[in-house]
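Biologist: Please show me the structure, and then let me ask how its labels are justified.

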Amino acid sequence: MRLLLSSIYPYGFMLLIGLLPFDDYFRAVPNVLLILLAVVFPWVVKREDFNRVRGLPFVFISAFLMYLLLSAFFDGRLDQDFEVIQKVVLAAGLSVLYLPLHGWKKLNKALIFSSVAAIAFTVVNVFVSVNSAEPLRWADSAQFIEALLVDRLYLGLLSIVSILAAYRSISTHYSPDNRYYAGAIVLNVLFLLFIQSRIALGMLLLLFLLNLFYRKKAGRQLLVLSGFLAMVVVVVFAVNKDLRQHFFYTNFYNNEQGLVENALEKEPRALIWSSVASMVKEEGITWTGLGFEQTSTELLQQYSDNISDEPTREMYLERGYNTHNQYIDIYLSAGMLGLLLFLAYLLSLWPIRRRDYFMMGCWLVLLVYLGVENLFHRQIGAYYAGVLLVYLCVIQPGLNETKKTT
């Protein structure tokens, strides 16, 4: 029985990862798979597997989770905050559930296949949904936004992680599989341009710059691929007026303001973070926090009090925008103690992963996306945070994970 479960378990984990972008269509399936994996886990894990998550990161994340639970319990808000806390547990728990699996090959392939499936579904759905009789404006079309498989931010996050996984999978020596991984990278970059995800495209540029610090010499295949992708991006920006307008907000341009002022005026996060700043100023230094539910309630009050434009105010109140910054959200909800434990956990990953470009790429992606989105407020966000933590937290014995070049 144990042998059978051990052979099935990896495919269950990969299926879980593969179905994540279809969250709106199969919302219960990932949770069912997660429960099944948790039930089977004791039968397939070995005692020595737990040595792969030891060290300071394990200490800090355990302390952070215990702090969230105990502070919510003693403050009498455990029932209100449990929805968010369980997503933090989910993200951290994926690393534990991955312990019976060895190596990154299956996880890399699951992410790549998942992104390709998401791309195919989204592209087909967009062209089916959009009325071809009307001129299409990608950035402003409500039909386009509704046709996306999930939110643009999470599609962008999936593509970025898939690009990293495909890049890691490319062999420095000739391999027939290299063409497929290179094709996956090109496809995901084109998709990011198609959905016009500013955060993901900016992240892609940061990863490219990061790679320059890790490469002693560029392999011919990777050099050609990088040059081709750069050329594609330049050409697409040159010929696609809608993309330029969406990326730089020039379709809302006010001649009396500069480019930065126009962008800040139309970027929702600018107004959200302005309200959050007012809230932080009013609360002052808090060591224990307000709780996740109370933080959301008070932020809505900030929108009501500080947004003068009525349609904008009503939209923000109706959509219930959160802080869109996980660090600030943890500070307001769990206090300075919670934020310090969480930052200690993230920073403790750097010393053990800093020599590997792929790992540092995952680390940088996690840090950036936590800064622009409350990943722990949505199921799909918690899962993708968990995937990144699997790479960062689980040591793979027998693999050269400390190499500096890729």
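Modeller: What follows is a set of questions and answers on a predicted model.

Biologist: Why is Arg77 said to form a salt bridge with Asp75?

Modeller: The closest N and O atoms of Arg77 and Asp75 are 3.0 Å apart. A salt bridge needs a side-chain nitrogen of Lys or Arg within 4 Å of a carboxyl oxygen of Asp or Glu, so the pair qualifies.

Biologist: What else does the side chain of Arg77 meet in a salt bridge?

Modeller: Asp81, with 2.8 Å from N to O. Asp75, Arg77 and Asp81 are thus linked in a network of salt bridges.

Biologist: Are the members of that network buried or exposed, and how do you know?

Modeller: Arg77 counts as buried because its relative accessibility is 8%, and buried means under 20%. Asp81 is buried by the same rule, at 1%. Asp75 has 46%, so it counts as partly exposed; that class lies between the 20% limit for buried and the 50% limit for exposed.

Biologist: What makes Glu373 and Arg269 a salt bridge?

Modeller: Their closest N and O atoms are 3.8 Å apart, and the limit is 4 Å. Glu373 lies in the loop between helix 17 (357-372) and helix 18 (379-393), while Arg269 is in helix 13 (residues 268-283), so the pair ties together parts that are 104 residues apart in sequence. Glu373 is buried, with a relative accessible area of 9%, and Arg269 counts as buried at 15%.

Biologist: How many salt bridges does this rule give?

Modeller: The count comes to seven.

Biologist: How do you know that the length of helix 8 agrees with what is expected?

Modeller: Helix 8 (residues 178-195) has 18 residues, which should span 26 Å at 1.5 Å a residue; the end C-alpha atoms are 26 Å apart, so the two values agree.

Biologist: And which span does helix 9 reach?

Modeller: Helix 9 has 15 residues and reaches 22 Å from its first C-alpha to its last, close to the expected 21 Å.

Biologist: Which residues of these two helices are buried?

Modeller: In helix 8 they include Asn178, Tyr181, Ala184, Ile185 and Phe194. In helix 9 the buried residues are Ala200, Leu201, Met203, Leu204, Leu207, Leu210 and Asn211.

Biologist: What is notable about the phi of Gln196?

Modeller: Phi of Gln196 is near 55°, a positive value in a residue other than glycine. Gln196 comes just after helix 8, in the loop between helix 8 and helix 9. Its relative accessible area is 1%, so Gln196 is buried.

Biologist: Where is His324, and what phi does it have?

Modeller: His324 is in the loop between helix 15 and helix 16. It has a positive phi of about 55° although it is not a glycine. At 11% relative accessibility, His324 counts as buried, the limit being 20%.

Biologist: What makes the nonpolar surface patch?

Modeller: Leu205, Leu206, Phe208, Leu209, Leu212 and Phe213 make it, and its area is about 630 Å². Patch residues need over 30% relative accessible area. Leu212, which lies in helix 9 (residues 198-212), has 53% and is therefore exposed, as exposed means over 50%.

Biologist: Which residues gather in the patch of negative charge?

Modeller: Asp309, Glu310, Glu314 and Glu318 gather there, on the surface. Asp and Glu count as negative, so the name follows from the residue types. Glu310 lies in helix 15 (residues 310-319).

Biologist: Why is Asp356 called buried?

Modeller: Its relative accessible area is 0%, so Asp356 is buried. Asp356 lies in the loop between helix 16 (326-353) and helix 17. Asp356 and Tyr214 are 142 residues apart in sequence and 7.9 Å apart in space, C-alpha to C-alpha.

Biologist: Where is Gly361 found, and is it buried or exposed?

Modeller: Gly361 is found in helix 17. With a relative accessible area of 0%, Gly361 is buried. Gly361 and Met203 are 158 residues apart in sequence, and their C-alpha atoms are 9.6 Å apart in space.

Notes
Residues numbered from 1 in each chain as written. Predicted model: local features only at pLDDT ≥ 70, side-chain atom pairs only at ≥ 80, totals over all residues. Heavy atoms only, no water. Patch = residues over 30% accessible without salt bridge, like charges linked within 9 Å, V, L, I, M, F, W, Y side chains within 5 Å. Areas by Shrake-Rupley, 256 points an atom, 1.4 Å probe, with all protein chains shown as cover. Charge placed at Lys NZ, Arg CZ, Asp CG, Glu CD. Helix = DSSP H or I, 4+ residues; strand = E, 2+ residues; numbered from the N terminus. Expected span 1.5 Å × (residues − 1). Buried < 20%, exposed > 50% of the residue type's maximum accessible area, 1.4 Å probe, protein only.
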